[in-house]
Amino acid sequence: MFALMGLLWMGLERIIGLHDVHLDKHPIYTNFIAIPAITIYVLGLLEKRKKEYGGKMSYGQGFKAGFFITLVVTLLTPLTLWLTLSVITPDFLNNAKDFAIESGKMAQEEAETYFSKENYLVQGIVGAPIMGILTTAIVAAFTRKREK
């Protein structure tokens, strides 16, 4: 579900022009993906609490469930990045590279390295578990429920 949401989000970004005509606004609006991402973690942990733990869940149980979501998301990251950069928005990296150079934010060599498929893959594979574990640590605290 998380991977599908991410692909839909990338499609939406492309449709509204954040990958070309409104690329200057991309760094701002792309961060709003946190809203559905966190929502998926919350709903996943609440479902786990309800279905597998009888309505009660410790922080540790919630963290374990969130860690599993993070593991699956991390394993799917190469596939979702490939689909994003090859199918949904194949011109994004070139557009971003050109924008960074033309706006003076990066030199050409730096932009070519940063906006490469290889670098995005590394960022995704490293970023997914970091953000997932951080999200899990916070969401597990809010979704735990003790016996009364």
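Where does T30 sit in this protein? T30 is in the loop between α2 and α3, and I'll come back to that residue in a minute.

First, some ground rules. What we have here is a predicted model, where local features need a pLDDT of at least 70 and side-chain atom pairs count only at pLDDT 80 or more, while totals for chains, interfaces and linings use all residues. Residues are numbered from 1 along each chain as its sequence is written, and side-chain values use heavy atoms, with hydrogens and water left out.

On confidence: pLDDT is the predictor's confidence in each residue, on a scale from 0 to 100. The protein averages 94, and 99% of the residues score at least 70. Confidence is lowest in α3, with a mean of 93, and highest in α5, at 96. When I say helix, I mean a DSSP run of H or I with at least four residues, numbered from the N terminus.

Okay, let's start at α1. This helix covers residues 2-15, so 14 residues, and at 1.5 Å a residue we'd expect a span of 20 Å. That expected span is 1.5 Å times one less than the number of residues. The end C-alpha atoms of α1 are 20 Å apart, which agrees. Just after α1, G17 takes a positive phi of about 95 degrees.

Which residues of α1 are buried? They are M5, G6, L7, W9, M10, G11 and E13. Buried here means under 20% relative accessible area, exposed means over 50%, and partly exposed is in between, using a 1.4 Å probe and protein chains only. Those buried α1 residues pack against α2 (26-29), α3 (34-52) and α4 (59-88).

And this is where T30 comes back. T30 counts as buried because its relative accessible area is 17%. Leaving aside neighbours within four places in sequence, T30 is in contact, meaning heavy atoms within 4.5 Å, with W9 and E13. Both W9 and E13 are on that list of buried α1 residues.

Now for the core. In soluble globular proteins, nonpolar side chains tend to be buried together. By a nonpolar core I mean a set of buried Ala, Val, Leu, Ile, Met, Phe, Trp, Tyr and Cys residues joined through side-chain atoms within 4.5 Å. The largest one here has 10 residues: L23, L85, F92, L93, A96, A100, M106, A111, F115 and Y120. Helix α5, residues 92-102, gives the most to this core, with four residues. Apart from it lies another core, of nine residues, including M57, A65, V73 and V139.

Let me pick out L23 from the largest core. Not counting neighbours within four places in sequence, L23 is in contact with G17, L18, F92, N95, A96 and F99. So G17, the glycine with the positive phi, turns up again as a contact of L23.

How many aromatic pairs are there? The count comes to seven. The rule is that rings of Phe, Tyr and Trp (its six-membered ring) pair if their centres lie within 6.5 Å; planes under 30 degrees apart are stacked, over 60 edge-to-face, and the rest tilted. One of these pairs is Y114 with F115, which is edge-to-face, at 4.8 Å centre to centre and 85 degrees between the planes. Y114 is partly exposed, at 34% relative accessibility, whereas F115 is buried, at 14%. Y114 and F115 also belong to one aromatic cluster, together with F92 and Y120.

On to charges. The whole structure has three salt bridges, each one a side-chain nitrogen of Lys or Arg within 4 Å of a carboxyl oxygen of Asp or Glu. D24 meets K25 at 3.5 Å, N to O. D24 is partly exposed at 43%, and K25 is partly exposed at 35%.

E47 pairs with K51 at 3.4 Å; they both lie in α3, four residues apart, about one turn of the helix. E52 meets K48 at 3.0 Å, and these two are also separated by about one turn of α3, being four residues apart. An α-helix has 3.6 residues a turn, so residues three or four places apart point the same way. K51 is exposed at 63%, and E52 is exposed at 55%.

Last stop: I130, in helix α7, residues 117-143. Is I130 buried or exposed? I130 counts as exposed, because its relative accessible area is 51%. I130 and I69 are 61 residues apart in sequence and 12 Å apart in space, C-alpha to C-alpha.
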